[in-house]
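Hello,

Here is the structure I promised to pass on to you. Have a look at it first, and then read on for what turned up.

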Amino acid sequence: MASRILLLAFLALVSSHAIASDPSPLQDFCVADKTSHVFVNGLVCKNPNDVRADDFFFSGLDRPGDTANKLGSNVTLVNVEKIAGLNTLGISLARIDFAPYGLNPPHIHPRATEILTVLEGSLYVGFVTSNTDNRLFAKVINKGDVFVFPQGLIHFQFNYGTKNAVAIAALSSQNPGVITVANAVFGSKPPISRDVLAKAFQVDKKTIDWLQAQFWMDNNN
Ligand SMILES: *[C@@H]1O[C@H](CO)[C@@H](O)[C@H](O)[C@H]1NC(C)=O
């Protein structure tokens, strides 16, 4: 009887503990060992004796990304791929460049909340809540303004101005992930069945064929 109560108490404790971000590190650092063939949740640590200052270093965020593409935007993401020392630390950084009328199209970061500030120009930014009410929160933000995009919600940034815009964003994961809505839905390989998409989007199949024939570029680097 006592052991059953203990078990129930234990289960209650375990099930009420929600992990809302990357797991906390259990040591000072765990610099990713990119040569390891072991697959774990995250990346394997390299020997701390071999860790150098350069494992925590990246250079080049002063250089604008090339925005001469279909979207007129370019995201330079500094995640654990670029700085091995970010592994397990639950944080990353991005520079986003926008040509006039450039768009960072509706996308999701499955593993991170994003906080963004405008360095140059102004942006129309927004996110949409989940299906409870699909509410849009959107705003024009200018140089020095800061806006937050909650984890897992569809969001976008649009430069509707006639000058370039630049933003810096911090994300609460060393590997935030990006799902660009149009690319995932209309540009999947192999394509999602047109019957599925025609019904889902309530349009005819020709419209789906047309959408699937477009080039859905990725503006993330
Ligand atoms: C973004 O900019 C970088 C640096 O100029 C460039 O190498 C890359 O091809 C650009 N990506 C896109 C999608 O335009």
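Strand S3, which covers residues 103-108, is joined to S10 by 2 bridges, and the two run antiparallel. Please keep in mind as you look that this is a predicted model. Within the S3 and S10 pairing, His107 has Thr180 as its bridge partner, while Ile108 stands opposite Ile179.

S3 also pairs with strand S8, residues 154-158. Here 3 bridges link the two strands, again in an antiparallel arrangement. One pair to look for is Leu103, whose bridge partner in S8 is Phe158.

Now for the sheet as a whole. It is an open one, built from 5 strands in the order S6-S5-S8-S3-S10, with antiparallel pairing. Which strands stand at the edges? They are S6 (136-142) and S10 (179-180); each has a single partner strand, so one side of each is left without a neighbour in the sheet. As background, strands of a sheet pair through backbone hydrogen bonds, and they can do so in a parallel or an antiparallel way.

There is a record to go with this part of the chain, too. An unreviewed UniProt entry carries the annotation "domain: Cupin type-1" for residues 59-209. In the model, that span is 13% helix and 38% strand, and its end C-alpha atoms are 43 Å apart.

Next, the ligand. Which residues are found around it? They are Gly65, Asp66, Asn69, Asn74, Met217, Asp218 and Asn221. Sorted by class, this shell holds 4 polar, 2 charged and 1 nonpolar residues. Both domains contribute: at least three residues of the shell come from domain 1 (22-175), and at least three from domain 2 (178-221).

Three polar contacts are worth finding on your screen:

- Asn74: an N or O atom of its side chain is 2.4 Å from an oxygen atom of the ligand.
- Asp66: a polar backbone atom is 2.8 Å from an oxygen atom of the ligand.
- Asn221: a polar side-chain atom lies 3.2 Å from a nitrogen atom of the ligand.

How much of the ligand does the protein bury? On its own the ligand exposes 360 Å², and 54% of that is buried by the protein.

If you want a route through the model, you could start at S3 and step to S10 on one side and S8 on the other, then move over to the ligand and the residues around it, including Asp66 and Asn221.

Enjoy exploring it, and write back with any questions.

Best wishes

Definitions and conventions. Residues are numbered from 1 along each chain as its sequence is written. This is a predicted model: local features need pLDDT of at least 70, side-chain atom pairs count only at pLDDT 80 or more; totals for chains, interfaces and linings use all residues. Side-chain values use heavy atoms; hydrogens and water are left out. Two strands pair if DSSP finds at least two bridges between them. Helices (H or I, at least four residues) and strands (E, at least two) are DSSP runs, numbered from the N terminus. A residue is near a molecule or strand if one of its heavy atoms lies within 4 Å of it. A polar contact is a pair of N or O atoms within 3.5 Å; within protein, one must be able to donate a hydrogen and the other to accept it, and residues adjacent in sequence count only if both atoms are side-chain atoms. Accessible areas come from the Shrake-Rupley method with a 1.4 Å probe; for residues, only the protein chains shown count as cover. Ala, Val, Leu, Ile, Met, Phe, Trp, Tyr, Cys and Pro count as nonpolar, Asp, Glu, Lys and Arg as charged, and the others, Gly among them, as polar. Domain bounds come from an automatic or database domain assignment. UniProt positions are given in the numbering used here, feature names are shortened, and annotations may be inferred rather than shown by experiment.
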